[in-house]
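Open your viewer, get the selection box ready, and follow along. We'll go stop by stop.

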Amino acid sequence: MKNFRMDRRRVLIAGAAGLGASALTMPRLAHAAAYPSERAITFICPWPAGGTADITMRALCLAAGKALGQTIIIENRAGASGMLGTKTLSTAKPDGYTIGQIPISVTRFAQLRTVQLDPLKDLTYLARVNGQTFGLAVRADSPWKTLADFVAAAKAKPGMLTYGSAGIGGATHVGMEEFNLLAGIQLNHIPYKGGAPALQDLLGGQVDAVADSSSWAPHVKSGKLRLLVTWGESRTKDFPSVPTLKESGYQLVVDAPNGIGAPKGMDPAIVAKLREAFRKAVTDADFLATCDRIDTPVMYLDQPDYEKYIAATYRKDTQLIERLKLRELLAKG
């Protein structure tokens, strides 16, 4: 009789524990099932409004919002070469209502300790979506007709020519530092909070050149700027007469794919919904037209392959930091 009572007590305790676990699990399941009907989704763009990343992310989020049946609101959090917005994203509540663009340079800045997060642990990677077309542009009224002209001028006046970029340690800055080493030149780097303000200063004559993604494209087409070189594997569709760095004699290719992510700890069911939405968004006609207009190629990877790409880039950046002495450059400011 005693054993029967003990067994019954164990069953009751186990049942209560099961009910407790179910009570905790059921609200989470209900939240995931209802997502994203509660409210609009905030998308953190870590760059200023008007740049290529901002333009393409707006088109992408419009398409993803249609797929989700919910509005996605862009919030620009520019600063620290894209890391201000990325840090904000990493510390947001992981409920699916705050997502954002993750600059690939987070794998470099995290190792340089300019942003306090671990990119391999502190973020949920959803999809890699599109890339950037990088290039070096000057004013159309400048004396430099070709990249060779620019390099010759830089050699004649070491440290005198200036170029703007989206910030110290970012893809364009690092790309230019690699180019400087290969070309044997010294340029004066002027860092900005994004490509858009750097471009405005080039147009205004405050800097001699800009290394940026294709925010310069409309101004090159209008005749205000001259594109000296692009940094991709091959020439661009919109500027077929402009050579690449490799064609110009420099063994260097630079790209920086845009990724979509969220804070760590996301409900897998919500992650699945977001992955599916962005999988559809990258095939949206308006998004593709936007990418085509400013020469930003689609480079889609779903979550598993995107995570592998992040890990590989992290390892590559470890070597790059040492080779370019980026810690010393950051210390100088």
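Select Ile44 and Gly100 to begin: Ile44 stands opposite Gly100 in strand E3. This is a predicted model, where local features need pLDDT of at least 70 and side-chain atom pairs count only at pLDDT 80 or more, while totals for chains, interfaces and linings use all residues. Residues are numbered from 1 along each chain as its sequence is written, and side-chain values use heavy atoms, with hydrogens and water left out. As for names like E3, helices (H or I, at least four residues) and strands (E, at least two) are DSSP runs, numbered from the N terminus.

**Stop 1: strand E3 and its partners**

Now widen the selection to residues 98-102, which is strand E3. Is E3 buried or exposed? Five of its five residues are buried, so the rest of the structure largely encloses this strand. (Buried means under 20% relative accessible area, exposed over 50%, and partly exposed in between, with a 1.4 Å probe and protein chains only.)

Add strand E1, residues 41-45: three bridges join E1 to E3, and the two run parallel. Then add E10, residues 258-263, which is joined to E3 by three bridges too, but antiparallel. Gly100 shows up again here, with Gly261 as its bridge partner in E10.

**Stop 2: the whole sheet**

Two strands pair if DSSP finds at least two bridges between them. Six strands form an open sheet of mixed pairing, in the order E2-E1-E3-E10-E4-E11. Strands E2 (72-76) and E11 stand at the edges with a single partner strand each, so one side of each has no neighbour in the sheet. From one strand to the next, the twist averages 30 degrees.

Zoom in on E4 and E10, which pair in the antiparallel sense over six bridges. Try selecting Arg128 here: its bridge partner in E10 is Gly259.

Next, show H9, a helix that lies across E3, E4, E10 and E11, at about 10 degrees to E4. Helix H11 (residues 303-323) lies across E3, E4, E10 and E11 as well, but runs at about 95 degrees to E4. (Axes are lines fitted to C-alpha atoms, for helices over the stretch in contact, and angles run from 0 to 180 degrees between N-to-C directions.)

**Stop 3: helix H10**

Select residues 285-293 for helix H10, and pick out its buried residues, Phe287, Thr290 and Cys291. Look down the axis of H10: these buried residues fall within an arc of 95 degrees, so they line one face of the helix. (The arc is that of the directions from the helix axis to the C-beta atoms.) What covers them includes helix H2 (52-68), strand E4 (123-130), helix H9 (268-281) and strand E11 (298-302).

Check the ends, too. Asp284 caps the N-terminal end of H10, with a side-chain oxygen 3.0 Å from the backbone nitrogen of Asp286. Just after H10, Asp295 has a positive phi of about 55 degrees.

**Stop 4: the cores**

A nonpolar core is a set of buried Ala, Val, Leu, Ile, Met, Phe, Trp, Tyr and Cys residues joined through side-chain atoms within 4.5 Å. Which residues have the most contacts inside the largest one? They are Leu136, Leu147, Phe150, Phe179 and Trp231, in a core of 47 residues. Helix H6 (residues 171-183) gives the largest share of this core, five residues. A second, separate core has 34 residues, including Ala32, Cys45, Cys61 and Tyr97.

Finish on Phe150: leaving aside neighbours within four places in sequence, its contacts (heavy atoms within 4.5 Å) include Leu136, Trp144 and Leu228.

Definitions and conventions. A polar contact is a pair of N or O atoms within 3.5 Å; within protein, one must be able to donate a hydrogen and the other to accept it, and residues adjacent in sequence count only if both atoms are side-chain atoms.
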